[in-house]
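Below is a short report on selected local features of one chain. It covers backbone outliers, aromatic pairs, buried packing and a surface patch.

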Amino acid sequence: MSDNHLHIISFNVPYPPNYGGVIDVFYKIKALHALGVKIQLHCFEYGRKIPEELAVFCESVHYYKRNTSFFAALTVKPYIVASRKSEKLMSNLLNDNYPILFEGLHSCFYLNDKRLKSRMKIFRESNIEHIYYLNLFRSEKNPLLKFYFLMAGIKLRFYQQVLKHADLMLVVSQNDTDYLQRKFNNKIVYLPSFHPNEHSTVKAGVGEYVLYHGNLSVPENEYAVTYLIKEVFNNIDIPLKIAGLNPSKRLQNLVAKYDHVELIANPDNDTMTELVQNAQINLLVTFQATGLKLKLLNTLYNGRFCLVNHHMLAGTGLDALCEIADTSETLKEKLLQLYVGEFDIDEVIRRQKLLQENFSNDLNAHRLIHLIFG
C-alpha cells in the first residue's frame, strides 16, 4: 500500500478533533496513515491554530486562508463553498495525478473544474447541507441569522448538483445514502464516520446524573437543550448536566433558573469523557435526521444507558443499542425507568461486539482504500 497517494481537502484544520466534521477527517487521516497511505492534506484555515500534530500522519500539509469577508457571501455559490477558494490549492493539486478526496460540500469549489477532469474525485458527505441549513432557519430566533440560514439553504439546494462530477460518494448514514442514490447516478457507498474510539470504555454499574452534551453554540443544539429543560426536566427531580462548547448567555440564564440543572461550559476532552462515562443516562435528542451524529457514536463507546429520539438514530443502524423516546412524556417515562436501573457487564459486551463489527476505524479504512485504489 506504500504507493497509494491521496489528496484530502479539509474544510477546516482537523486538529484538535473536538467537533463533528473534523473528528471524521482527523481519524480518517490517522487510520489511512496506519495502513500506509501517503496523504497530501490541504486545510482551509480560519481561527484555529496551525498544529504540528498533523505532520505526523501526512506526507505534506498545506494551509489556505479562508475568505471570510462579507463579499464571499454575495456570490451565487453558497458562502460555505465560495469562501473556500484558492488557486494555490489548485496549483498544488495539479502537481501530480493522485485521487482527490473532498471533505464535505464546503470543500467542493473545484469539484467540477475542467482542470481536474481526468482525476478520480471522491466526495465525503457529512450532512445533506441544504436540509441542515433549512432546519437551522426554523430553529433560529435572530431575524438576521434566520435570513442567512434560509438563503444558504436555498443556494445549497441548487449547488448540490455539483456532486454529479464526483466519481465516488462516501456517505455517513444509510438515510443520506438513500437520499443521494435517488438524486444521482454516481457510485454511492455508505461508510460510517471515523471516530476516536477503538475500544469500549463503558463502566458497568450505576451513575448519579443525566448528561446532554454537544456544541452549544449551534442553534440546533441550543434548541434541543431548551426543549429538554422546559418540557422534560421541568417537573422531574433527576439531576441534568449540560456540557459543551460556547453556550450563549440566553442558555446560561435559562439553566440558572433550575436547581437540578448544571451547565459545564467548554470542558476539555478528558473532562468530557469522564462526564460521559460517569453518567447514568446519556440523553441525546435532535430535530434533524441527516448525517451521523458522532456524539451518539462516542456516547455508545463510553457511556451507560443512551436515551435518544428517532431523529438521532436516522440511518445509523444503532437502534438496538439505544433506548428510544420521541415525546416529552415518553422521555420522562424512560428517564425515570433507566435512572434506577443497573447497566450490567453483558450489555457492555454486546455493545462492544456490535460497534466493532460496523464502526471499526481499521475495517472502514481498509474498505476506503479498496474503494479508491482497488
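In this predicted model, Asn 246 has a relative accessibility of 46%, so Asn 246 counts as partly exposed. The residue sits in the loop between β9 (240–244) and α8 (249–255). Its backbone deserves a look: phi of Asn 246 is near 50°, a positive value in a residue other than glycine.

Asn 266 is another case. Its phi is positive, about 50°, although Asn 266 is not a glycine. This asparagine lies in the loop between β10 (261–265) and α9 (269–278). Asn 266 counts as partly exposed because its relative accessibility is 41%.

A further backbone feature is found at a proline. The peptide bond from Tyr 15 to Pro 16 is cis, with omega near 0°. Pro 16 belongs to the loop between β1 (5–10) and α1.

**Aromatic pairs**

A pair of aromatic rings is described by the distance of the centres and the angle of the planes. How many aromatic pairs does the count come to? The count is 13. Among them is the pair of Tyr 132 and Tyr 133: the ring centres are 5.6 Å apart and the planes stand at 85°, so this pair is edge-to-face. Tyr 132 is buried, because its relative accessibility of 18% is under the 20% limit. Tyr 133 is buried too, at 10% relative accessibility.

Tyr 223 and Phe 287 form an aromatic pair that is also edge-to-face, with 5.2 Å centre to centre and 80° between the planes. Tyr 223 lies in helix α7, and Phe 287 lies in the loop between β11 (281–284) and α10 (294–302), so the pair ties together parts that are 64 residues apart in sequence. Tyr 223 is partly exposed, at 39% relative accessibility. Phe 287 is partly exposed as well, with a relative accessible area of 33%.

The two pairs are set out here.

| Ring pair | Centre to centre | Angle of planes | Class |
|---|---|---|---|
| Tyr 132 and Tyr 133 | 5.6 Å | 85° | edge-to-face |
| Tyr 223 and Phe 287 | 5.2 Å | 80° | edge-to-face |

Ring pairs also build a cluster, which links Tyr 15, Phe 26, Tyr 27 and Phe 57. Tyr 15 is the residue that precedes the cis bond to Pro 16.

**Charges over rings**

Which ring does the charged end of Arg 66 sit over? It is the ring of Tyr 46, and the charged end of Arg 66 is 4.6 Å from its centre. Lys 77 lies over the face of Phe 109, at 4.8 Å from the ring centre.

**Tyr 27 and its contacts**

Tyr 27 is part of helix α1 (residues 20–34). Is Tyr 27 buried or exposed? Tyr 27 is buried, with a relative accessible area of 15%. Leaving aside residues up to four places away in sequence, Tyr 27 touches Pro 17, Phe 194, His 195, Pro 196 and Asn 361. Val 162 is far off by comparison with no contact implied: its C-alpha is 26 Å from that of Tyr 27, and 135 residues separate the two in sequence.**Helix α4**

Helix α4 spans residues 129–139, and its buried residues are Glu 129, His 130, Tyr 132, Tyr 133, Asn 135, Leu 136 and Ser 139. Tyr 132 and Tyr 133 thus recur here, in an edge-to-face pair. What do the buried residues of α4 pack against? They pack against α2 (79–82), α5 (143–159), α6 (174–183) and α7 (219–232). An α-helix has 3.6 residues a turn, so residues three or four places apart point the same way.

**Leu 318**

Leu 318 is placed in the loop between α11 (310–313) and β13 (323–324). Its relative accessibility is 0%, so Leu 318 counts as buried. Leu 318 touches Leu 296, Leu 297, Leu 300, Leu 313, Leu 354, Leu 355 and Phe 359, with residues up to four places away in sequence not counted. Leu 297 is 21 residues from Leu 318 along the chain, and 8.6 Å separates their C-alpha atoms.

**A surface patch**

Phe 147, Met 151, Ile 154 and Phe 158 form a nonpolar patch on the surface. Together they have about 430 Å² of accessible area. Phe 147 is found in helix α5. Phe 147 is exposed, because its relative accessible area of 54% is over 50%.

Terms used. Residues are numbered from 1 along each chain as its sequence is written. This is a predicted model: local features need pLDDT of at least 70, side-chain atom pairs count only at pLDDT 80 or more; totals for chains, interfaces and linings use all residues. Side-chain values use heavy atoms; hydrogens and water are left out. Helices (H or I, at least four residues) and strands (E, at least two) are DSSP runs, numbered from the N terminus. Buried means under 20% relative accessible area, exposed over 50%, partly exposed in between (1.4 Å probe, protein chains only). Contact means heavy atoms within 4.5 Å. Rings of Phe, Tyr and Trp (its six-membered ring) pair if their centres lie within 6.5 Å; planes under 30 degrees apart count as stacked, over 60 as edge-to-face and the rest as tilted. A charge sits over a ring if NZ of Lys or CZ of Arg is within 6 Å of the ring centre and within 35 degrees of the ring normal. Patches are made of residues with over 30% relative accessible area and no salt bridge: like charges are joined within 9 Å, nonpolar side chains (Val, Leu, Ile, Met, Phe, Trp, Tyr) within 5 Å. Accessible areas come from the Shrake-Rupley method with a 1.4 Å probe; for residues, only the protein chains shown count as cover. A salt bridge is a side-chain nitrogen of Lys or Arg within 4 Å of a carboxyl oxygen of Asp or Glu.
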